[in-house]
Each structure stands twice: as C-alpha cells, then as structure tokens.
Amino acid sequence: MPTSISGPVTDQDPGLLGQVHRYAASERGSGAGCQRPSAQLRLGDLARSYKLDPSFEHVPIGGEIDLKREDMIVICRPRPSSHVAGVLAQDPSICFERAEDGPWTLRDREAGTAYRSGMDSDPRTNSDVAYLGRLPKPDVQGLVMVLTGIHPQGTLGVIHLIVNDLADLYSQVGTGRFSVLVNVDYDPANNEPVNVRLLSPFYRHEAR
C-alpha cells in the first residue's frame, strides 16, 4: 500500500522531486521478497538529502487514497487500488495488461510490445519490468508520480534509477507528463538491483 514524502522545496531541489516531495504512498506488500518498505526508505533518504522532510503512509485495504494532494509519489500497481488504476489509465503510451496465461505484463503501446517479468517467464530469470510516470491527478489539478515494478524487485530498480540518475532524469522530462519502462536485473540473494536500464524512450505526453 502507499507511503508519503513531505517538506518544503529548497534551491537544491533538482526539479524531479519538485512535485513529489511531500507525500509518498506505497502499496503494502506481502511475502518474503517484498521490498516496498525498503523502497520507501530510499526515497525518504533521497528527499532528506535535498533538505526535504518526507512522510509516509500505506494505501488502505480497499485501495482508497487521496491522490489530489500536492507533491505526491505513489508506489502501487493498478490492481490493489482503483484510484491508482484510474490515474494509470490516462497514460496513452504504456499500460498494465494481463497475459493470457495470467501474469501481469507492461505493454509499450507505441512499440506494440508487451514485457513480461523474468520472474513470470519460463525459464525464470532474475529480472523484472517496472513503470515510472508522472500523470494528471484525478481532479486534473496538477500531476502525481507513480512508480512500481511488476514485482517488488522492479520497484527497487526504479528507486535505484531515481537515486543515481536524478539530474539526468530531470533533464529528460522536466516537470511535465511522461512515462517510461525500466528493466531491472537483480541479485536473487538479496533482491538488490545489479543492472537497471530503460526499455522504452521517455514518452512525453504533452507532445501529442
């Protein structure tokens, strides 16, 4: 379920955090491989490094969460929350999609390609696919950032990308609407990302 980040923007804020520093909401995970609490902590550490004061919350059972608040990051897949699913449905370039045999995939509509997590493939591989985007809030008054892997290991990979390449990400997308797909290879011993790369271009939605 979701988590929150809060605090004033400073002159050191690189821009990508400029609209997401206040609330970070994350999906509550389950199982031995769940890394979402770790993802929240890493986002919090990043915010504090820019002299922001983060706060966190979980998306409640039932998925109801106020996405109209300012400066919010949401770590959540569409299935646990219809509110998050509604935001993700606005993305014209990337969507979550069920494969015929059941697992969730991420489809790049522009390329016509559906990406399946290596964890759901045969043979299984130590890789996951993740989503990162900034989309209109339900009231269309501002934007909300959403990030998530198909599995928790992918979520950690997106956080790794943000923490290590924040300035470059901002140079690519600024403060506008965008989405991108990310491939994450991870170490099965600790679920930590070992290689993170983009699977798609940065799709900038205003250009349409």
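Reader: What share of the contacts in the protein chain between residues at least 6 apart in sequence join residues at least 24 apart?
Author: In this predicted model, the share is 63%. A contact here requires heavy atoms within 4.5 Å.

Reader: How many helices and strands does the protein chain have, and what percentage of its residues is buried?
Author: The protein chain has four helices and eleven strands. Of its 208 residues, 53% are buried. The chain exposes about 9,100 Å², of which carbon and sulfur atoms supply 48%.

Reader: Why is strand 9 called largely enclosed by the rest of the structure?
Author: Strand 9 spans residues 178–186, and eight of its nine residues are buried, so the description follows from that count. A residue is buried when its relative accessible area is under 20%.

Reader: What makes strand 7 and strand 9 a pair?
Author: Pairing requires at least two bridges. Strand 7 (residues 127–136) and strand 9 have eight bridges in the antiparallel sense, and therefore they satisfy the definition of a pair. Asp128 stands opposite Val184 of strand 9.

Reader: How do you know that strand 9 also pairs with strand 10 and with strand 11?
Author: The same criterion of at least two bridges applies. Strand 9 and strand 10 are antiparallel over five bridges, with Tyr186 opposite Pro193. Strand 9 and strand 11 also run antiparallel, joined by two bridges, so this pair meets the cut-off of at least two. There, Ser179 stands opposite Tyr203.

Reader: Which residue takes a positive phi in the hairpin of strand 9 and strand 10?
Author: Asn191 does, with a phi near 65 degrees; six residues lie between the strands of this hairpin.

Reader: Why is Ser200 called buried, and where is it found?
Author: Ser200 has a relative accessible area of 6%; the cut-off for buried is under 20%, so the term applies. Ser200 is found in the loop between strand 10 (193–198) and strand 11 (203–204).

Reader: What makes the approach of the Ser200 side chain to Leu181 a polar contact?
Author: The side chain of Ser200 reaches the backbone nitrogen of Leu181 at 3.0 Å. The cut-off for a pair of N or O atoms is within 3.5 Å, so the distance qualifies. Beyond its neighbours within four places in sequence, Ser200 is in contact with Ile94, Asp108, Val180 and Leu181.

Reader: How do you know that strand 5 pairs with strand 4 and with strand 6?
Author: Strand 4 (residues 94–98) and strand 5 (residues 104–108) run antiparallel and are joined by five bridges; Glu97 has Thr105 as its bridge partner. Strand 5 and strand 6 (residues 113–116) run antiparallel too, joined by four bridges, with Arg107 opposite Ala114. The requirement is at least two bridges, so both count as pairs.

Reader: What makes Leu166, Leu169 and Val173 one side of helix 4?
Author: These three residues of helix 4 (residues 166–173) are buried. They cover an arc of only 60 degrees around the axis, which puts them on the same side of helix 4. The face turned away from that buried side carries the exposed residues Ala167 and Ser171. Gly174 follows helix 4 and has a positive phi, near 60 degrees.

Reader: How many disulfides are counted, and why are Cys76 and Cys95 called buried?
Author: The count is zero disulfides; the rule asks for cysteine sulfur atoms within 2.5 Å. Cys76 has a relative accessible area of 0% and Cys95 one of 15%. Both values are under 20%, so both residues are buried.

Key:
Residues are numbered from 1 along each chain as its sequence is written. This is a predicted model: local features need pLDDT of at least 70, side-chain atom pairs count only at pLDDT 80 or more; totals for chains, interfaces and linings use all residues. Side-chain values use heavy atoms; hydrogens and water are left out. Buried means under 20% relative accessible area, exposed over 50%, partly exposed in between (1.4 Å probe, protein chains only). A polar contact is a pair of N or O atoms within 3.5 Å; within protein, one must be able to donate a hydrogen and the other to accept it, and residues adjacent in sequence count only if both atoms are side-chain atoms. The arc is that of the directions from the helix axis to the C-beta atoms. Accessible areas come from the Shrake-Rupley method with a 1.4 Å probe; for residues, only the protein chains shown count as cover.
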